[in-house]
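Q: Got a minute to go through a structure with me? I'd like to start with a single residue and then look at some rings.
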Amino acid sequence: MPDLPDENMGRYFLKRGLKITAITLGIAMVAILSDLRCAFNPIETLMDLPGSVAWTFEHFTPTPESFEKLPKILLALWKTFLGAAAAALVSAIFAYIMALIGCRPVGFGALVRLLVRGIATVSRNIPNVAWAFMLTFSFGQSEFTGFLVLFLKSFGFLTRMFLETMDEISRGSIEALHSVGATRLQVIAHAIVPLTSTQVISWLLYMTETNTRDATLVGMLTGSGIGFVFELYYRTFRYDTAGLVIVCVAIMAMGCEAVSNYVRRRIIQADETPRKRALANDGVITTRIWTKSKITVAITLSVLTVLTVYGFSQMDYGNVNLLDATIGALRNFGVMVFHPGTDGYWTMGELLNDLVLTISLAVLTTLIGSVLALILALPAACNLSNKVVSNIIKLVFSIIRAIPTIIWVLIFVVSISLGAEACIVGMMFHTVAFLAKAFSESFEELDQGSLDALRSTGAGWWEIVTHCVIPEKANDILSWVFIRFENNFVNTVVIAALCGSGGIGYELYLAANFYFSMHAVGLITYMCLAVSVVLEIVSTQLRKRLVINRSE
């Protein structure tokens with residue numbers, strides 16, 4: 001809370017109350033309009049949910065017969081992991097180079113910086129389905145095609161993160177090097193690389209972890225990996241074996257997350273090893289010390305490199321000439337970028353109507369999921385709840401997050417029905433788990449002294465929540481909700497088409513698989529890209545205004 005004179009305190013609370021009321025009314029209006037567009041009945045869905053969950057457990061529980069397929073599933077899972085790790089490492093290398101070219105400390109100019117950010121934005125915000133369709137045209141259905149899709153998405157995301165990391169370097173360090181005549185290469189070698197290595201490795205691990213989840217959907221789109229195996233059993237009504245695939249995918253994702261979190265903690269912790277000086281035979285003093293943090297970084301990079309090399313050696317490249325396929329992909333991409341159009345299959349009004357439907361589905365998923373996540377995040381925060389209860393809830397969240405969103409949606413397609421209901425419920429599971437984790441971690445950052453002070457005055461749990469937790473973290477909550485909305489829109493483009501909800505993603509599917517029109521694919525991609533870019537800009541501004549500028 002800002003330090004204000006007593007006469008201004010009432011004005012501050014009035015202003016904040018009016019702001020929260022206005023935001024709440026605006027959100028309610030958007031929710032009502034989105035519900036009308038989607039024809040979604042929340043009461044009917046709530047009544048259907050218990051039965052659908054029971055049906056899911058009954059039919060997707062692995063049976064002894066399904067375990068006969070376990071070797072095949074594990075092989076596909078291993079190849080999927082190799083592809084995900086390779087995509088993360090290779091994209092990180094290219095992203096780091098691009099970030100060096102575009103970051104402020106290196107200083108190639110505003111035009112170069114804008115170009116780098118533009119490339120990253122396009123790569124990151126084009127939906128996976130658009131990349132998959134375009135690349136499948138040229139490279140066919142293969143593991144290498146799946147790798148390329150993950151690479152392009154990872155490249156855009158990591159370029160953005162690396163740029164922001166490099167831009168946060170202290171100007172004093174850069175100016176000190178420039179003052180002694182350091183060149184760009186010397187600035188990179190002696191300032192940027194050592195000062196950003198920890199964050200870069202952390203983002204690399206996060207990308208590896210994320211790719212293991214995204215690889216399931218990419219596999220469905222490119223006919224490869226564990227996604228193809230799941231879809232095979234799912235489409236043939238072998239739900240028990242599909243359930244075994246889900247269990248294996250969840251274990252892999254949870255394992256990657258646990259290892260990633262452990263390594264990140266090791267590399268970002270303060271270096272506890274005292275700096276020593278070693279005198280060489282020639283009298284030169286060296287200060288290079290292999291700390292535990294540096295050893296962990298070296299081992300991590302070595303393991304990822306070995307996995308990447310091995311993954312490329314085992315990867316299925318399909319029966320295509322890679323050079324010809326690359327030329328064909330670039331040609332298709334050129335058609336998408338420079339010659340978008342409907343080809344007479346739709347009018348712009350029809351496409352805009354479908355785009356509004358996709359946005360509405362993402363809005364409802366995000367809003368309903370946010371409310372449920374906020375309710376569950378309170379007992380999940382260890383400073384507001386019993387530690388045992390907190391750990392149990394966090395474990396459940398971890399399991400839910402480990403199962404890819406597309407699998408949740410496809411489960412509810414067969415247990416509820418095709419349409420908006422299955423789309424919203426399925427996406428909501430992952431939304432709740434993601435936001436509840438983010439909210440609970442934000443609540444745990446509250447000053448323990450403030451909470452103890454309230455408790456000492458006799459305030460109950462509900463008074464602490466309503467008078468301290470929610471008001472203090474309202475900005476964080478709003479920022480995280482908008483970040484999730486940004487992610488949900490991109491997911492809805494693909495998922496709504498697969499679960500029969502329609503939307504712009506369905507038209508994209510028709511353009512690529514039935515009409516074979518790269519012109520239409522390009523136009524629809526532009527429309528999705530425009531929405532994603534607007535959401536990203538608004539999300540960035542919210543984070544700057546609501547999270548960073550807390551003094552207002």
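Q: Which helix is Asn488 found in?
A: This is a predicted model, to be clear. Asn488 is in helix α18, which covers residues 461-498.

Q: Is Asn488 buried or exposed?
A: Buried. Its relative accessibility is 0%, and the cut-off for buried is under 20%.

Q: What is Asn488 in contact with, leaving aside neighbours within four places in sequence?
A: Ala362, Thr365 and Thr366, plus Met427 and Thr431.

Q: New topic. How many aromatic pairs does the structure hold?
A: There are 32. One of them joins Trp203 and Tyr206. Their centres are 5.7 Å apart, with 85° between the planes.

Q: What kind of pair is that?
A: Edge-to-face, because planes over 60 degrees apart count that way.

Q: Where do Trp203 and Tyr206 sit along the chain?
A: They are three residues apart in helix α8, so about one helical turn separates them. Trp203 is partly exposed at 27% relative accessible area. Tyr206 is partly exposed too, at 30%.

Q: And what about Trp461 and Trp462?
A: Their ring centres lie 6.4 Å apart. The planes are at 35°, so this pair is tilted. Trp461 is partly exposed at 41%, while Trp462 is exposed at 55%.

Q: Which residues form an aromatic cluster?
A: One cluster includes Phe94, Phe139, Phe312 and Tyr317. Phe144, Phe147, Phe151 and Phe155 belong to it as well.

Q: Last one. Where does the charged end of Arg484 sit?
A: Over the ring of Phe434, 4.8 Å from the ring's centre.

Methods. Residues are numbered from 1 along each chain as its sequence is written. This is a predicted model: local features need pLDDT of at least 70, side-chain atom pairs count only at pLDDT 80 or more; totals for chains, interfaces and linings use all residues. Side-chain values use heavy atoms; hydrogens and water are left out. Helices (H or I, at least four residues) and strands (E, at least two) are DSSP runs, numbered from the N terminus. Buried means under 20% relative accessible area, exposed over 50%, partly exposed in between (1.4 Å probe, protein chains only). Contact means heavy atoms within 4.5 Å. Rings of Phe, Tyr and Trp (its six-membered ring) pair if their centres lie within 6.5 Å; planes under 30 degrees apart count as stacked, over 60 as edge-to-face and the rest as tilted. A charge sits over a ring if NZ of Lys or CZ of Arg is within 6 Å of the ring centre and within 35 degrees of the ring normal.
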